[in-house]
Amino acid sequence: MKNMQLSIDKALDFVSKSDIDAYSKAVAQASVALEDGTGKGNDFLGWLHLPSSITEEMIQDIEETARQLRSTCDAVVVAGIGGSYLGAKAVIEALSDSFSWLKKGDSPVILFAGNNISEDYLAELTELLRNRRFGIINISKSGTTTETALTFRLLKTQLEQQEGKAEASKRIVAITDKAKGALRQLSTQEGYKTFVIPDNVGGRFSVLTPVGLLPIAVAGFDIRQLISGAVEMEKNCGKDISFDQNLAAIYAATRNELYRRGKKIEILVNFHPKLHYLAEWWKQLYGESEGKEGKGIYPASVDFTTDLHSMGQWIQEGERIIFETVISVATPEKKVIFPHDDENLDGLNFLAGKRVDEVNKMAELGTQLAHVDGGVPNLRIEIPSLNEFYIGELIYFFEKACGISGYILGVNPFDQPGVEAYKKNMFALLEKPGYEKETEAIKKRLS
Ligand code: PA5
């Protein structure tokens, strides 16, 4: 079977191969620190060997729970925010028919909520779910995240009103800490089916736990293949694989060298709209892991060719502080041949008989060359096709490279202290019990 590939050739006009190779020692140290648990944040390394340690019993439990939700629900709402939803959303979008929401399929529609506090969004969601057979997967490791908890209370109330308490409790699954948090307590009291997020797996590294696997299975995708792809990459990026063969190591080293040379922004590029949320997941993974202590590459993303008509100008000629990492899919799942037209009024007969993907690929290559000419180093990741196996490879590749990259940068890639600042202010402004001192201080500041 073919594997994912990484090419850094088009970054080598900007950084030298020998400077990248010089990271091999730092990468080896980072890999050993991850493996031995001697680095920063070492109580959050459960993701490192997660793919190869998922048990058959766990997979069966997830599959059985997914079967039950699939048989009782037309829609399943996944309530979660950050790492508690982005992985599932990324995989489901990447694998779904682009118009599945308009087609009547065998799978329930998967909706995402609890990731914002928009009243319009919640009003429209609850209206959509009125008198529909729906279920809820409520995901929160802490069990106390406001966005998710607020949404869950609304949805739970609606489900109980529509179905009665007993039936509602069968259609609610909670994924949370094994003991701590309001969601655990509520689940025990209400008798919900639950899954545990392991203590040592942080939110943004949790897609290969039930956090990601259950929604993906409910959507009808093959979680065994997803895990197999991740297992393959776990092997191929292991600490015993030499630097020049280890894709996660090369990626981590190259981006750190580019960063050292002033490339402060990495743009993840795709040429398939289905990969939009994979980039959102990646942005969270790298943004929360590396952006601290006044350091870190800013992770951005674009969908090409769409955004060539909006951000393309900036990328081609704006401040030269960016590099791009392109995710390319070698062969699309479906085939469209461009038709011949006798009149050729649009002048497009030169494309007749070609696959649309050939046009897309030439757009990709043409863009890459233009951006390199414009001073934008390019990395390129190629996956053979868009299926569960290769998405699993991509996920583990990015996770492993993130751990290595964060250690090279010298930060703790597994905490996110900066996320607390807005919460403290919000609670103070909302006069949450326990925040009296902060409320007083913030009122003074705003007066
Ligand atoms: O990566 C992380 O740890 C965060 O993005 C969390 O996933 C996010 O804040 C949600 O937290 P919780 O699952 O506790 O509701």
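**Charged side chains: a surface patch and its salt bridges**

Helix H6, which spans residues 119-129, contains Glu 127. In this predicted model, the side chain of Glu 127 belongs to a patch of negative charge on the surface, where it gathers with Glu 119, Asp 120 and Glu 124. Glu 127 has a relative accessibility of 53% and is therefore classed as exposed, since the cut-off for that class is over 50%. Members of such a patch have no salt bridge, so a look at the paired charges makes a natural next step.

Side chains of opposite charge can pair when their charged atoms come close. Across the whole structure, a search finds 32 salt bridges. Several of them are described here, beginning with helix H4.

Asp 61 pairs with Lys 193 in a salt bridge, with 2.9 Å between the closest N and O atoms. This contact links distant parts of the chain: Asp 61 sits in helix H4 (residues 56-72), whereas Lys 193 belongs to strand E6 (residues 193-196), and the two are 132 residues apart. Both ends of the bridge can be placed on the accessibility scale. Asp 61 has a relative accessible area of 29% and is partly exposed, and Lys 193, at 32%, is partly exposed too.

Helix H4 also holds a salt bridge between Arg 67 and Glu 64. Here the closest N and O atoms are 3.2 Å apart. Because Arg 67 and Glu 64 are three residues apart in helix H4, about one helical turn separates them. Glu 64 counts as partly exposed, its relative accessibility being 33%.

A further pair brings two helices into the picture. Arg 255 and Glu 290 meet through their side chains in a salt bridge, at 2.9 Å from N to O. Arg 255 lies in helix H12 (residues 247-260) and Glu 290 in helix H13 (residues 276-290), so that this pair, 35 residues apart, links distant parts of the chain. Are these two partners buried or exposed? Arg 255 has a relative accessibility of 1% and counts as buried, because the class takes in values under 20%. Glu 290 is likewise buried, with a relative accessible area of 1%.

Salt bridges can also be followed beyond single pairs. Asp 19, Glu 257, Arg 260 and Arg 261 are linked in a network of such bridges. Of these residues, Asp 19 and Glu 257 count as negative, and Arg 260 and Arg 261 as positive.

Notes:
Residues are numbered from 1 along each chain as its sequence is written. This is a predicted model: local features need pLDDT of at least 70, side-chain atom pairs count only at pLDDT 80 or more; totals for chains, interfaces and linings use all residues. Side-chain values use heavy atoms; hydrogens and water are left out. Patches are made of residues with over 30% relative accessible area and no salt bridge: like charges are joined within 9 Å, nonpolar side chains (Val, Leu, Ile, Met, Phe, Trp, Tyr) within 5 Å. Accessible areas come from the Shrake-Rupley method with a 1.4 Å probe; for residues, only the protein chains shown count as cover. A salt bridge is a side-chain nitrogen of Lys or Arg within 4 Å of a carboxyl oxygen of Asp or Glu. The place of a charge is taken as NZ of Lys, CZ of Arg, CG of Asp or CD of Glu. Helices (H or I, at least four residues) and strands (E, at least two) are DSSP runs, numbered from the N terminus. Buried means under 20% relative accessible area, exposed over 50%, partly exposed in between (1.4 Å probe, protein chains only).
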